[in-house]
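Here are some comments on the aromatic contacts, set out as numbered points for your reading alongside the coordinates.

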Amino acid sequence: MILSELLHKIPVLETSGILALSEVEVSEIVFDSRKVTEGSLYVAIKGTVSDGHSYISSAIEKGAKTIVCEVLPEKLIDGINYIQVKNSSKTLGKLAANFYGNPSENLKLIGITGTNGKTTASTLLFDIFKNLGYQSALISTVEYRIGDEIIPSTHTTPDVIRLNQMLAKAVENGCEYAFMEVSSHGIHQDRIEGLHFAVAGFTNLTHDHLDYHKTFDEYLKTKKRFFDELPETAVAITNADDKNGDVMLQNTKAKKKNYALKTLADYHGKILEVDFNGMLLNFNGKEFWTTLTGKFNVYNLLLAFAIAVELGFNEEEVLQAISTLKRVNGRFETIKSDGGIFFIVDYAHTPDALENVLDSINEIRTKNERLITVFGCGGDRDHAKRPEMGKIATRKSTLAIITTDNPRTENPQEIIKEIEAGVEPQNFSKYTSIPDRREAIKMAIKFAEPKDIVLVAGKGHETYQEINGVRHHFDDKETIVELYKLMSK
């Protein structure tokens, strides 16, 4: 692409180079100097760990012909075009959008943000629109999908170049809609800059990612920024039952809508019946059955319903599409053993998510069955949530088995100690700790009797365990089935 076209609508402070912008051909956009090839445009970004400006010389040596930066190098090299901008990170998003033909303007892009429920709501929307007969794209923690093509997921919100690549491919393949999770990291790191959202949905805001954002207020402000930057043409839909739902809407230019179970809202839901096989629900006065279960899933379904209706679909046809949906991988997935033990695998890895899952189970069970919970906390992440999860799990389970999640570079025993610190004295007899996750699941199976419920929480869809920087294969569902068969012989 010609550089002058690439810079369309991008504010430039200064340019320096021997060639006119209309004469410079750009082969690709790169912000990692290690990936530069001949003819690349290199964007120097000031990151939290390193400053891309330090690698400008290296990028030029590898073949970059154009440099976008906030500070021009002291020594300018002949034959190189330099573009000075106020904010390289934000400029990268706009460059990527221009390079790939602004794909987010050629389909309807729907972004879902919040602490819990992003993956489920996004995936439900993808499946609903598939049932309605539309080609769509999905960008989620679990996987990226373009129509029927499945691409392994790397980040909740990929970098903005990858995002535009996928959206361009979606447009090329005839997709009319794209559903994506919008993480707080993605917002803070400008990974959604330059994207045009038709609808933004908010699930909830609870304790998470404070290792990155440091304070809850900063976490909230980051999420809110997504709504603050929406255009007038967009629709913002938030959870009125969450105290931060209205906060998200305070400064947005978008059309404001909300959904709720407890309060009056534009989209109102009610639970009529619930068991482990599904729920009978009422949305806006219309009854339907779903195989999903748990109050948290009612919120996810209600948000998906609201978004589909705001996109112009009839309420009845949306509910009909919802009633055929299957459960999302690793989200309240159930496995019933031959011996009558009921296993539930869920991604719950925050205090709020764990409490929601445990509350949902306790609302359904008759209390004649015991509830055994296997869980841990990830290493190199938010320490403050660990004791909170220890308190919740032991308070709401018959027995809690504290184990490892993804310890990463931390000592698993130290993580477990921090979880145990939150256990209340009256619940000391209700937990044990087994660092080896496989052995912890084995203990739960050994302890369980027919009709008991075993919740294995924290990893959900993940098929690995990260220990000391190395990912080892580990799948909770696979491990449950394998161990149960071995132990039943």
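1. In this predicted model, F99 has a relative accessibility of 18% and therefore counts as buried, since the cut-off for that class is under 20%. Y100, with a relative accessible area of 25%, is partly exposed.

2. The structure holds 19 aromatic pairs. The rings of F99 and Y100 form an edge-to-face pair, because their planes stand at 75°, and planes over 60 degrees apart are classed in that way; the centres of these two rings are 5.1 Å apart.

3. A further edge-to-face pair is formed by F197 and F226, for which the centre-to-centre distance is 5.0 Å and the angle between the planes is 80°. F197 belongs to the loop between helix 6 (184–188) and strand 11 (199–202), whereas F226 belongs to helix 8 (residues 216–228), so this pair ties together parts that lie 29 residues apart in sequence. Both F197 and F226 are buried.

4. Beyond these pairs, one aromatic cluster deserves a look in the viewer: F129, Y134, Y177, F179 and F313 form it together.

5. Two arginine side chains should also be read together with the rings that they face. The charged end of R370 sits over the ring of F447, at 4.3 Å from the ring centre, and the charged end of R471 sits over the ring of Y464, at 3.8 Å from the centre of that ring.

Technical notes. Residues are numbered from 1 along each chain as its sequence is written. This is a predicted model: local features need pLDDT of at least 70, side-chain atom pairs count only at pLDDT 80 or more; totals for chains, interfaces and linings use all residues. Side-chain values use heavy atoms; hydrogens and water are left out. Rings of Phe, Tyr and Trp (its six-membered ring) pair if their centres lie within 6.5 Å; planes under 30 degrees apart count as stacked, over 60 as edge-to-face and the rest as tilted. Buried means under 20% relative accessible area, exposed over 50%, partly exposed in between (1.4 Å probe, protein chains only). Helices (H or I, at least four residues) and strands (E, at least two) are DSSP runs, numbered from the N terminus. A charge sits over a ring if NZ of Lys or CZ of Arg is within 6 Å of the ring centre and within 35 degrees of the ring normal.
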